[in-house]
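Work through the following exercises with the sequence and the model side by side. Try each task before you read its solution.

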Amino acid sequence: MSRIIILLSAALLALAVGLGAFGAHALKTHLSSEMLQTWETGVKYHFYHALGLLLVGVLSFFMPSAYLKWSAILLFAGIVVFSGSLYVLALSGIKILGAITPIGGLSFIGGWILLFLAAWKKFPA
């Protein structure tokens, strides 16, 4: 499982860099400043959580855990839902898409909580 998580995180990190560059160069003249900021927020959270996913993958190599598996799943889902909804919102201008963004945020929070629980279980106080 750790190999899959690490490979997925590396691909997501490369995608985050590409989407950031795309926004900075190709979209700069086509989007309003508000929609460009929305795009940049999506990229920022995409990048942070792909790095978190990489951390979970490395940790799962050394301490396999169902908590870490589910942490990875939720971090990935958060990237898809949170950042994905912001990317589509920025490109389409369909404001209702912002309504699903918090679901991705909750996935991020759940992923980090599960990482906490995995560490707590492995290294109890």
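**Exercise 1: A tryptophan and its surroundings**

W39 is found in helix α2, in a model that is predicted.

Task: Decide whether W39 is buried or exposed, and find which residues are in contact with W39 once its neighbours within four places in sequence are left aside.

Solution. Step one is to look at the relative accessible area, which is 3% for W39. Since buried means under 20%, W39 is classed as buried. Step two is to list the partners that are not among the neighbours within four places in sequence, and these are L19, F22, G23, L27, Y87, A90 and L91. Step three is to look at one of these partners in detail: a polar atom of the W39 side chain lies 3.0 Å from the backbone oxygen of L19. As a last step, compare sequence with space for another pair, W39 and G20, which are 19 residues apart in sequence while their C-alpha atoms are 8.3 Å apart.

**Exercise 2: Two further residues of the same helix**

Task: For H49 and K44, state where each lies and whether each is buried or partly exposed.

Solution. Begin with H49, which lies in helix α2 and has a relative accessible area of 7%. This value is under 20%, so H49 counts as buried. Apart from residues up to four places away in sequence, H49 touches L75, I79, F108 and W112. Turn next to K44, which is also found in helix α2 but has a relative accessible area of 37%. Because this value falls between the limits of 20% and 50%, K44 is partly exposed. K44 and V80 are 36 residues apart along the chain, and their C-alpha atoms are separated by 13 Å.

**Exercise 3: The nonpolar core**

Task: Find how many residues the largest nonpolar core has, and which helix gives the largest share of it.

Solution. First, the count: the largest nonpolar core has 26 residues, and those with the most contacts inside it are L31, W39, L53, V56 and L68. Second, the sources: at least two residues of this core come from each of α1 (2-25), α2 (33-62), α3 (66-92) and α4 (101-122). Third, the largest share belongs to α3, which supplies 9 residues. Fourth, take L68 as an example; leaving aside neighbours within four places in sequence, this residue is in contact with V56, L59, S60, M63, L115 and A118. As general background, nonpolar side chains in soluble globular proteins tend to be buried together.

**Exercise 4: How the helices are arranged**

Task: Work out which way α3 runs relative to α4, and relative to α1.

Solution. Start with the whole chain, which has 4 helices and 0 strands. For α3 and α4, the axes come within 7 Å and cross at roughly 160°. Angles over 145 degrees count as roughly antiparallel, and therefore α3 is roughly antiparallel to α4. The crossing in which α3 passes α4 is left-handed. For α1 and α3, the axes come within 12 Å and cross at roughly 20°. Because angles under 35 degrees count as roughly parallel, α1 and α3 are roughly parallel to each other. Their contact is made by I5, L8, L12 and L19 of α1 together with A72, F76, I79 and Y87 of α3. The crossing of α1 and α3 is left-handed.

Technical notes:
Residues numbered from 1 in each chain as written. Predicted model: local features only at pLDDT ≥ 70, side-chain atom pairs only at ≥ 80, totals over all residues. Heavy atoms only, no water. Core = buried A, V, L, I, M, F, W, Y, C linked by side-chain atoms within 4.5 Å. Buried < 20%, exposed > 50% of the residue type's maximum accessible area, 1.4 Å probe, protein only. Contact = heavy atoms within 4.5 Å. Polar contact = N/O pair within 3.5 Å; in protein donor to acceptor, adjacent residues only side chain to side chain. Axes fitted to C-alpha atoms, helices over the stretch in contact; angles between N-to-C directions. Parallel < 35°, antiparallel > 145°, perpendicular 65-115°, else oblique. Left-handed = near helix turned anticlockwise from the far one by under 90°.
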